[in-house]
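Reader: Could you walk me through this one? I'd like to start with the overall layout and then get to the ligand.
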Amino acid sequence: MAPIQYIVEGGHRLSGSIEPAGNKNSALPIIAAALLTEHPVTLENVPRIRDTETLVELVRSVGAAAEWTARNTLHIHAKSIRAADLDPELCVRIRASILLAGPLLARCGEVMLPPPGGDVIGRRRLDTHVLALEQLGAKVTATDRLEFRCPKLTGADVFLDEPSVTATENALVAAVAADGVTHLRNAASEPHVQDLANFLVALGAKIEGIGTNTMIVHGPATLGETTYRIQPDHIEVGSLIGLAAVTRSPLRIVRAGVEHLRSIRMGFERLGIVCRVEGDDLIVPSNQTLKIQDDFGGHVPKLEDQPWPAFPADLMSIAIVTATQCEGVILMFEKMFESRMFFVDKLIGMGARIVLCDPHRAIIAGPSRLHGATLSSPDIRAGMAMLLAAVCAEGTSTINNADQIERGYERIDERLNALGAKIRRVPERKG
Ligand SMILES: CC(=O)N[C@H]1[C@@H](OP(=O)(O)OP(=O)(O)OC[C@H]2O[C@@H](n3ccc(=O)[nH]c3=O)[C@H](O)[C@@H]2O)O[C@H](CO)[C@@H](O)[C@@H]1O
Ligand SMILES: C=C(OP(=O)(O)O)C(=O)O
């Protein structure tokens, strides 16, 4: 498939309503967890993006039937599955291939996983996955692939060495099938972890403490069939708040899932962007002060990411671009990934005033007028951040490697064009 390029004419005001897609990082573990039951599962509001399409191919490769019955509705029936050798080429395309470990181990007693892929945003350890599944009884061998074997998973008191999102998800799925009670401590509690837990409950699992850092799972569950709707993507909502702010546009984000937006709204408020809630819609008015809020005493403020419920790592790139359009100085501290901030050199090339202090910290002084440039998307979120920069810049920008953006955002060109953006999606031209 030819790589995709976006040609963006900047400087247009946007307006209107937009609905966020279903949460990519919910859909992925839920599609994988559908392998846990031999009964049919229907998933609604599944984002139709490259990552979900790839995982669907992997799910089919182990013998499950998986069919899109509408654009965003996926029917999966894992009546009988086999722990096939998974295709390394498919596994390396997505981080989420690691999410097959829990369900396949539970259903087949073994799984051989080639290395997962995903965004190249720093070192991405798998140690927490191994630690958790070992405590539930698995024997793990690591060669050029990870091999998990366990004829019978057994409940345990598991303390994760860090609240890893996907490791919590693997452990949760395995615990549902395990014999006895599992305590999952220092667990991640992101909205997508909650979504997975609620899906498992809909299947028949018994899980206490959903949304907290200790979940108690009473296994083994007798699982049935279910129809489940994936929750809205809070990271996409945050990206849209940034988009509205940098283009000074009024946007209504409908069915935004407002109960999960508290820390995100607080982060944007630090940049002088205040949103309003109406029912489950989030309104971003156009008359924002865009004035960075100093700490008490006039000290330079800081926006940092942390595990949920704090400001999410996946919104740091968006927040950085947004801050370039705000008045004042702020320190952005990306604690989790050490390569996520390197894209700021492209923003500097567009006219932004940013000092990259080290791989984790950048100081942004705004506002600055951005001008169009040729860019290349290194990962989903930096790519989306570049799209925001291009939409608010003077002149035309070209974003190469836009496939990366499309790993996470469904039909983003069409959906932003419907609001008044001018994005042309074309096959990438070399040179
Ligand atoms: C498919 C999927 O769901 N991907 C998400 C998932 O990836 P993933 O599950 O791979 O990310 P993890 O939660 O395991 O950890 C992310 C990174 O943060 C570090 N870390 C983690 C916890 C902590 O308290 N301190 C710390 O420094 C880890 O060492 C790792 O380098 O969660 C990440 C963190 O929200 C998101 O960026 C990814 O979009
Ligand atoms: C880092 C991300 O995804 P993945 O973990 O799938 O690479 C992301 O969604 O920003």
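Reader: So how far apart do the C-alpha centres of domain 1 and domain 2 lie?
Author: The C-alpha centres of the two domains are 30 Å apart. Bear in mind that this is a predicted model.

Reader: And which stretches of the chain are domain 1 and domain 2?
Author: Domain 1 is 4-21 + 232-427, and domain 2 is 24-229, going by the domain assignment.

Reader: How many residues of each are in contact?
Author: On the domain 1 side there are 19 residues, in contact with 16 residues of domain 2. The side of domain 1 that touches domain 2 has seven nonpolar, four polar and eight charged residues.

Reader: On to the ligand. Which residues come nearest to ligand 1?
Author: Asn25, Ser164, Val165, Thr166 and Met336 do, out of 21 residues around ligand 1.

Reader: Which domains does that shell draw on?
Author: Domain 1 and domain 2 each give at least three residues to the shell around ligand 1. Among helices, α1 (24-33) and α6 (165-177) each supply at least two. The most comes from α6, with three residues.

Reader: How does the shell divide into nonpolar, polar and charged?
Author: Ten of the shell residues are nonpolar, four are polar and seven are charged.

Reader: Back to α1. At what angle does α1 pack with α2?
Author: The angle between α1 and α2 (residues 50-61) is about 5°, and their axes are 10 Å apart. The two helices are therefore roughly parallel to each other.

Reader: Which residues meet there, in α1 and in α2?
Author: From α1, Lys24, Ala27, Leu28, Ile31 and Ala32; from α2, Asp51, Thr52, Leu55, Val56 and Val59. That contact of α1 with α2 comes to seven nonpolar, one polar and two charged residues.

Reader: Different topic: sheets. In what order do the four strands of the open sheet run?
Author: The order is β21-β22-β1-β23, with mixed pairing. At the edges are β21 (374-376) and β23 (422-427), each pairing on one side only. From one strand to the next, the twist averages 20°.

Reader: In what sense do β1 and β23 pair?
Author: Antiparallel, over six bridges, with β1 covering residues 4-9. Gln5 stands opposite Val426 in β23.

Reader: Last one. Which strands does α12 lie across?
Author: Helix α12 (residues 380-392) lies across β1, β21 and β22 (396-400). Relative to β22, α12 runs at about 165°.

Note on methods:
Residues numbered from 1 in each chain as written. Chains lettered and ligands numbered in written order. Predicted model: local features only at pLDDT ≥ 70, side-chain atom pairs only at ≥ 80, totals over all residues. Near = placed C-beta within 6 Å. Nonpolar A, V, L, I, M, F, W, Y, C, P; charged D, E, K, R; others polar. Domains from an automatic or database assignment. Pairing = 2+ DSSP bridges. Axes fitted to C-alpha atoms, helices over the stretch in contact; angles between N-to-C directions. Contact = placed C-beta atoms within 7 Å. Parallel < 35°, antiparallel > 145°, perpendicular 65-115°, else oblique.
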